[in-house]
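Me: I am a first-year student, and I would like a close look at one small part of this protein. Could you take me slowly through the charged side chains that pair with one another, and show me where they sit?

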Amino acid sequence: NSVFSKVAFASRRLNYWLGMLTGFIILAIMVITITLVFTRYVLREPVTWAMPITRYLLLYSAMLGGAYVLSIGGHVNVDFVLIRLSQKTRKVLEATTSVMGLAFSVILTWQTWNLTWDAYVLGFKTGYPMSVPFFSFYLIMPVGGALLSIEFLIKVVSSIVWLRRGGETVSLPCGPPRPDVTTPEPDAARA
């Protein structure tokens with residue numbers, strides 16, 4: 001078992017559980033929104049904390065769930081083009097797009113870390129009614145960016161290993177099944 005396999009194992013396990021946590025965060029957003037609607041339109045006394053909390057929870061759900069969605073192949077792609085390509089070409093495209101995603105994620109991590117650090121050093125706080133330091137909300141952005149970077153790196157390495165081994169599947173030992181390529185071969189699609 002290589003270092004890569006161990007890192008991939010740990011990353012996939014962490015992302016799986018963070019993906020599950022994201023589901024609960026979205027459920028909390030729903031409950032808070034229903035509470036806001038009820039208090040505003042039925043009780044005529046809207047709660048002031050609901051909108052800021054749902055915004056921050058939405059940020060947390062996006063940043064915590066992104067790497068999980070990437071690990072299960074859940075991001076949007078152009079299937080009608082992919083089914084017409086050979087599996088090798090698909091892997092080359094996957095490696096290429098993963099390198100671009102990795103570059104984006106590294107820049108995202110770096111820039112959001114700078115934003116978070118500035119908010120911490122300068123003592124920025126949210127407004128009424130919460131008055132909470134912004135860095136506590138911003139911190140999830142570099143964390144999510146780092147998780148996304150690791151997942152993109154796993155995809156790049158897996159694709160390169162697959163290409164170098166001539167199509168031998170790379171087994172990553174954790175998390176939900178990873179649907180790398182579930183589309184039919186081009187000949188089968190035309191039949």
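Reply: The part to look at is the group K91, E94 and K155, which are linked in a network of salt bridges. Please keep in mind that this is a predicted model, and that the distances below are computed from it. As a general idea to start from, side chains of opposite charge can pair when their charged atoms come close.

Let us begin with E94 and K91, which form a salt bridge whose closest N and O atoms are 3.7 Å apart. Both residues lie in helix α4, and they are 3 residues apart, which is about one turn of the helix. The side chain of E94 also meets that of K155 in a salt bridge, at 3.7 Å from N to O. Here E94 lies in helix α4 whereas K155 lies in helix α6, so this pair ties together parts that are 61 residues apart in sequence.

Are these residues buried or exposed? E94 is buried, and so is K91. The relative accessibility of E94 is 11%, and because buried means under 20%, E94 falls in that class. K155 counts as buried as well, with a relative accessibility of 11%.

Helix α6, which carries K155, covers residues 140-164. Its 25 residues reach 36 Å from the first C-alpha to the last, close to the 36 Å expected at 1.5 Å a residue. After helix α6 comes G166, whose phi is positive, near 70°.

Helix α6 holds another charged partner too, for E151 forms a salt bridge with R12, and their closest N and O atoms are 2.6 Å apart. This pair links distant parts of the chain, since E151 is in helix α6 and R12 is in helix α1 (residues 3-41), 139 residues apart. Both E151 and R12 are buried. A search of the whole structure finds 3 salt bridges.

Helix α4, which spans residues 87-122, can also be viewed from its nonpolar side chains. A nonpolar surface patch of about 810 Å² is made by W113, W117, Y120, V121, L122, F124, L139 and V143, and helix α4 gives the most to this patch, with 5 residues. One of the patch residues, W113, has its place in helix α4, and at 42% relative accessibility W113 counts as partly exposed.

To set these helices in the whole, the protein chain has 7 helices and 0 strands, and of its 191 residues 34% count as buried.

Notes
Residues are numbered from 1 along each chain as its sequence is written. This is a predicted model: local features need pLDDT of at least 70, side-chain atom pairs count only at pLDDT 80 or more; totals for chains, interfaces and linings use all residues. Side-chain values use heavy atoms; hydrogens and water are left out. Helices (H or I, at least four residues) and strands (E, at least two) are DSSP runs, numbered from the N terminus. The expected span of a helix is 1.5 Å times one less than its number of residues. Buried means under 20% relative accessible area, exposed over 50%, partly exposed in between (1.4 Å probe, protein chains only). Patches are made of residues with over 30% relative accessible area and no salt bridge: like charges are joined within 9 Å, nonpolar side chains (Val, Leu, Ile, Met, Phe, Trp, Tyr) within 5 Å. Accessible areas come from the Shrake-Rupley method with a 1.4 Å probe; for residues, only the protein chains shown count as cover. A salt bridge is a side-chain nitrogen of Lys or Arg within 4 Å of a carboxyl oxygen of Asp or Glu.
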